[in-house]
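Let's walk through this structure together, one region at a time. Please have the sequence and the 3D view open as you read.

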Amino acid sequence: MKKILLAGATGYLGRYIAAELQDRNYPTRIVVRNKNKILVNKEYTETIVAEVTDPAQLSGKMNDVEVVISTVGITRQKDGLTYMDVDYQANLNLLKEAEKAGVRKFIYVSALNADKLTHLKGCKAKELFVQALKGSGLDYCIIRPNGFFSDMAEFLKMAQKGKAELFGDGEYKMNPIHGEDLAELCVNAIDTEVKTIEVGGPEVLTHNEIAELAFHTLGKKVKISYMPDWMRKTILWFARTFTSSKKYGPMEFFFTVLSMDMVAPEYGTRTLSKYFKELKDDL
Ligand SMILES: NC(=O)c1ccc[n+]([C@@H]2O[C@H](COP(=O)([O-])OP(=O)(O)OC[C@H]3O[C@@H](n4cnc5c(N)ncnc54)[C@H](OP(=O)(O)O)[C@@H]3O)[C@@H](O)[C@H]2O)c1
């Protein structure tokens, strides 16, 4: 059976992909930098400790691999590295090693609309890698998911503090997706001919609806305030001018994608209300 190499296995999505590969009995090798963050059963999954930012550490690690899956990217990491160091260069290191080893296919997780938002540093780095992947000659699949449930936890945190702050009039729409549903789709991509998949979860919700769900989950009175667009832009301007790009980058991304509709073809079965109920106990 095909051997799969998974990079990013200690992240939110990567952990679900590692579990999905194990459940489906794919011989799997994961590349991690911190063994303590592995959740999957190590008895059935081969582990390599390596820094994907250092090509020398990847040398020879893909010789018997047929498919590479990468979810490597900066979300909240504070390693002092840039999006270009990680989202672009670390993935390029993986791609170069895959080419050397004769890997058949590379599956890469980018983000919904990253190809249209390349003025944002994170999206630009991701899309530069997408261009390299498309030009590599390897078979590939680029997955463009909507926001993950893990990020929707911010709504629950705002509700816990007693007030949710939303952009515009709160009527922007999105369909966030659970990591477990997305992992299933990523593993299905091993055998699909499709080159690009845009995907979101099964429910399209407005930000008002998500905030209300968060308040109801906690049994609290709904209280929402709205930030007009001029204020969002002013805050972004101050952040861009007075903070480092490493701080500003993630903020710019969230302030942008939360001030537009983000709706992708629906996939999966897991609902946000169930996720919020599970998360409530961990707050
Ligand atoms: N979260 C969302 O809502 C969302 C939506 C659409 C697309 N995406 C994209 O999907 C991908 C996966 O997201 P996620 O939420 O699963 O992210 P995550 O939990 O932060 O996981 C990212 C993975 O990348 C690895 N990584 C980051 N910086 C690294 C570095 N300097 N060296 C080595 N490894 C590094 C992390 O390793 P460690 O565990 O060791 O830090 C982790 O395994 C990202 O590219 C993200 O931008 C996310």
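**A guided tour, starting at the ligand**

An oxygen atom of the ligand sits 2.8 Å from an N or O atom in the side chain of R33. Before we go further, please keep in mind that this is a predicted model. R33 is not alone in making such a contact: an oxygen atom of the ligand is also 2.8 Å from an N or O atom in the side chain of K126. The backbone takes part too, since a polar backbone atom of G8 lies 3.2 Å from an oxygen atom of the ligand. How much of the ligand's own accessible area does the protein cover? On its own the ligand has 890 Å² of accessible area, and the protein covers 91% of that.

Now widen the view to the whole shell. The ligand is surrounded by 25 residues, and the closest are T10, R33, K37, T75 and D151. Sorted by class, this shell holds 10 nonpolar residues, 10 polar residues and five charged ones.

From the ligand, let's turn to the nonpolar interior. The largest nonpolar core has 30 residues, and M62, V68, L94, V103, F106 and L133 have the most contacts inside it. Which elements give two or more residues to this core? They are the strands β1 (4-7), β5 (105-109) and β6 (139-145), together with the helices α3 and α4 (121-134). Helix α3 gives the most, with eight residues. To get a feel for how one of the well-connected members is placed, select L133: leaving out residues up to four places away in sequence, L133 touches L95, F106, Y108, Y140 and I142. There is also a second, separate core of 29 residues, which includes I143, I177, A189 and I190.

Polar side chains can be found in the interior as well, and two asparagines are worth a stop. Begin with N91, which lies in helix α3 (residues 83-101). Is N91 buried or exposed? Its relative accessible area is 0%, so N91 is buried. The N91 side chain reaches the backbone oxygen of V72 at 3.1 Å. V72 is also one of the residues that N91 touches beyond four places in sequence, and the others are S70, V86, F106, Y108 and F129. F106 in that list is a residue you have already met, as one of those with the most contacts inside the largest core.

The second asparagine, N146, is found in the loop between β6 and α5 (149-161). With a relative accessibility of 3%, N146 counts as buried because the limit for buried is under 20%. What lies 2.7 Å from a polar atom of the N146 side chain? It is the backbone oxygen of M262. Setting aside neighbours within four places in sequence, N146 is in contact with L112, M174, N175, I177, V199, G200, M262, V263 and A264. I177 brings us back to the second core, where I177 is one of the residues included.

Next, follow the chain to the loop between β5 and α4, where L117 lies. L117 counts as buried, at 8% relative accessibility. Not counting residues up to four places away in sequence, L117 touches C123, T256, V257 and M260. For a sense of scale, the C-alpha atoms of L117 and K3 are 34 Å apart in space, with their positions 114 residues apart in sequence.

The loop that holds L117 also holds N113, between β5 and α4. Phi of N113 is near 70 degrees, a positive value in a residue other than glycine. N113 is buried, with a relative accessible area of 12%. Compare that with N25, in the loop between α1 (12-23) and β2 (28-32). N25 is not a glycine either, and its phi is positive at about 60 degrees. N25, however, is exposed, because its relative accessible area of 58% is over 50%.

We can end the tour on helix α4, where K124 has its place. K124 is partly exposed, with a relative accessible area of 46%. Measure across from here in your viewer: the C-alpha atoms of K124 and V49 are separated by 28 Å, and the two residues are 75 apart along the chain.

Terms used. Residues are numbered from 1 along each chain as its sequence is written. This is a predicted model: local features need pLDDT of at least 70, side-chain atom pairs count only at pLDDT 80 or more; totals for chains, interfaces and linings use all residues. Side-chain values use heavy atoms; hydrogens and water are left out. A residue is near a molecule or strand if one of its heavy atoms lies within 4 Å of it. A polar contact is a pair of N or O atoms within 3.5 Å; within protein, one must be able to donate a hydrogen and the other to accept it, and residues adjacent in sequence count only if both atoms are side-chain atoms. Accessible areas come from the Shrake-Rupley method with a 1.4 Å probe; for residues, only the protein chains shown count as cover. Ala, Val, Leu, Ile, Met, Phe, Trp, Tyr, Cys and Pro count as nonpolar, Asp, Glu, Lys and Arg as charged, and the others, Gly among them, as polar. Helices (H or I, at least four residues) and strands (E, at least two) are DSSP runs, numbered from the N terminus. Buried means under 20% relative accessible area, exposed over 50%, partly exposed in between (1.4 Å probe, protein chains only). Contact means heavy atoms within 4.5 Å. A nonpolar core is a set of buried Ala, Val, Leu, Ile, Met, Phe, Trp, Tyr and Cys residues joined through side-chain atoms within 4.5 Å.
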